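User: I'm new to this structure and would like a close look at one part of it. Could you walk me through the salt bridges and the places where their partners sit?

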Amino acid sequence: MRKKIELVDVKIPGFDEPIPASTAALLEKKYKEWTASDFAGFRRLVQPGSAEFPDTARIKKLADEKHHGIKDFVLLGTGGSSLGGETLIRALRPSLGTPRFHFMDNNDPEWFSWLLQNLKPEETLVYAVSKSGKTPETISQLLVISDWLKAKLGDKWKSHLVLSTDPEKGDLRELASAQGFACLEVPSAVGGRFSVLSSVGLFPAAFAGLNIESFLSGARSLAEHAEKDSQNQMAKLAHALVSHAGKRPITVLMPYSSQLGAFSRWFCQLWGESLGKNGKGLTPFPAIGTTDQHSQMQLYMEGPKDKTILFVKVKKPDATLPLPKMEGTEKLPSFQELAGRSMRDLFDAEFNATRDALQAAGVPTATIELDCLDEYALGALFYFWELTTLYAGAALEINPFDQPGVEAAKILTKRYLAATPGK
Ligand code: PA5
C-alpha cells in the first residue's frame with residue numbers, strides 16, 4: 001500500500017498527549033452516530049458497494065461522450081458545489097491548455113457577461129451543479145447560459161449541458177427528467193462541502209483526464225487507517241485545536257504549493273461553515289507559501305498569538321528548475337547567493353525558515369506532508385480534513401453537517417427580490 005499523507009513536526013500544545021478517555025468516547029460516539037445517519041454520507045463515498053459510492057464508469061463515459069470539440073468547461077455552482085471541482089483541477093491541471101476550466105461560483109452579472117462574451121457556445125460544455133436543485137445563484141446562471149447556448153446551437157443546445165443534483169428531489173432533478181438533460185447524482189446524504197469525491201468533483205476531473213478512481217483510493221486509505229485507530233492523527237489534531245480554541249481561535253492553512261491555493265479556499269469553506277455554530281467555532285484563514293511570507297508573515301510573527309499555522313508540503317515534487325548563471329552578475333550579492341542552486345532549493349529553504357521562525361516565536365505549527373501531488377495524495381488530503389472536521393464538530397459538541405445560519409440572508413434575499421423593481 002502506498003504511504004498515506006502524514007502530519008509531521010507537530011508543535012501544537014496537547015497533540016502529543018493521548019485524547020482523554022471521556023473525549024475519545026464522545027468522538028467515537030459521534031463518529032458512529034453520524035456515519036450511520038444521513039449526515040456523514042461522505043464516509044460512504046469511499047466505500048465500494050455503498051449506495052453513495054460514485055459510479056466512476058458512468059462519469060468517465062459521460063466525460064468521454066461530451067469531450068468532442070469542447071475547448072471550455074464551465075462549472076455553474078456555488079460553495080461546495082464549485083470549490084471541490086475547482087480544487088481538483090487547479091491542483092492537478094494547472095496548465096494553460098485546453099480544455100480551459102471556468103468555475104463560476106458567483107452570480108456577479110459583470111463577471112458572467114464577460115465570460116459569455118469570450119466563449120463560443122459550440123466549444124463550451126456547461127456543468128451545472130446544485131445538490132438542493134434550488135440555489136438561486138446557480139439557477140440564474142443556468143437560465144442565462146441556456147439561452148446563450150440555444151441562441152447559437154438551436155436544437156443541439158441540450159447536448160452542451162450536464163447537470164448534477166440530488167438523485168430524486170429538487171427542481172433541477174425535475175427539470176432534468178422532464179427535458180432529458182444528462183444528469184449525475186449528488187447523493188442525498190452528502191452535504192455540499194463534503195461532496196468533492198462525488199460526481200461534483202469527479203466529473204470535471206474525469207473531463208480533465210485525471211484518474212478518478214485514484215482519488216477515491218487515496219481517501220479510502222485514510223478512512224481505513226482512522227477506523228483502526230481511534231487515536232488517529234485527525235482525531236488528535238481536532239482535539240488539540242478545539243481544546244485551545246479560546247486562546248487560538250484561528251486556523252491558518254498554508255500550503256507551500258501554488259497548485260494547492262484553491263485547496264486553502266476549499267478548507268476555509270469546510271472548516272468555517274461546518275464548525276461556526278452556537279457561538280463556537282474555529283476561524284479558518286487561507287494562506288499560501290511563499291507568497292504570504294510577504295503579506296501575512298509579519299502578523300503571524302508579531303501580531304496576536306491567536307493562530308495555529310498548518311502547512312502542507314509536497315515531499316517529492318517534479319520540478320526543480322536549476323538557476324542558470326547570468327553574465328554581469330558576478331559581483332551582485334543577491335544573484336551570487338543563488339549561484340549553483342535551483343528554484344526548488346530556495347523554495348524549500350523558505351519553507352523550513354518560515355516554519356522554524358514561527359516555532360521560535362511561539363506560534364503552534366504542524367505540517368501535513370504529501371509524498372507527491374497526485375490524485376491519490378489529493379484524495380487523502382481531502383479526506384484528512386473532512387474527518388478532522390467531523391472530529392472537531394464532535395469535540396465542539398455541534399453538528400458540523402448543517403448550516404442553519406445561512407437561512408436568514410436567504411429569506412431576506414427573497415424579500416428584497418420581490419420588493420424591488422426589475423432592472
Ligand atoms: O456546503 C454546503 O452545503 C453549501 O456550501 C452548498 O454547497 C452551497 O450552498 C450550494 O448548495 P447547492 O449545491 O444546493 O446549490
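Analyst: Here is a walk through the salt bridges, one pair at a time. Keep in mind that this is a predicted model. The count comes to 26 salt bridges, and a few of them make a good tour.

Let's start in helix α1, which spans residues 21-36. There, the side chains of lysine 32 and glutamate 28 meet in a salt bridge, at 3.4 Å from N to O. The two residues are four apart, about one turn of the helix. In general, an α-helix has 3.6 residues a turn, so residues three or four places apart point the same way. As for cover, lysine 32 counts as exposed because its relative accessibility is 52%, while glutamate 28, at 32%, counts as partly exposed.

Next comes a pair tucked under cover. Glutamate 52 forms a salt bridge with arginine 44, and their closest N and O atoms are 3.0 Å apart. Buried means under 20% relative accessible area. Glutamate 52 has 12%, so it is buried, and arginine 44 has 14%, so it is buried too.

Then there's a mixed pair: lysine 169 and aspartate 166 join their side chains in a salt bridge, again given as N to O, at 3.4 Å. Lysine 169 counts as exposed at 55% relative accessibility, whereas aspartate 166 counts as buried at 3%.

Salt bridges can also link up beyond a single pair here: Asp9, Lys11, Arg355 and Asp356 are joined into one network by salt bridges that share partners.

Key: Residues numbered from 1 in each chain as written. Predicted model: local features only at pLDDT ≥ 70, side-chain atom pairs only at ≥ 80, totals over all residues. Heavy atoms only, no water. Salt bridge = Lys/Arg side-chain N within 4 Å of Asp/Glu carboxyl O. Buried < 20%, exposed > 50% of the residue type's maximum accessible area, 1.4 Å probe, protein only.
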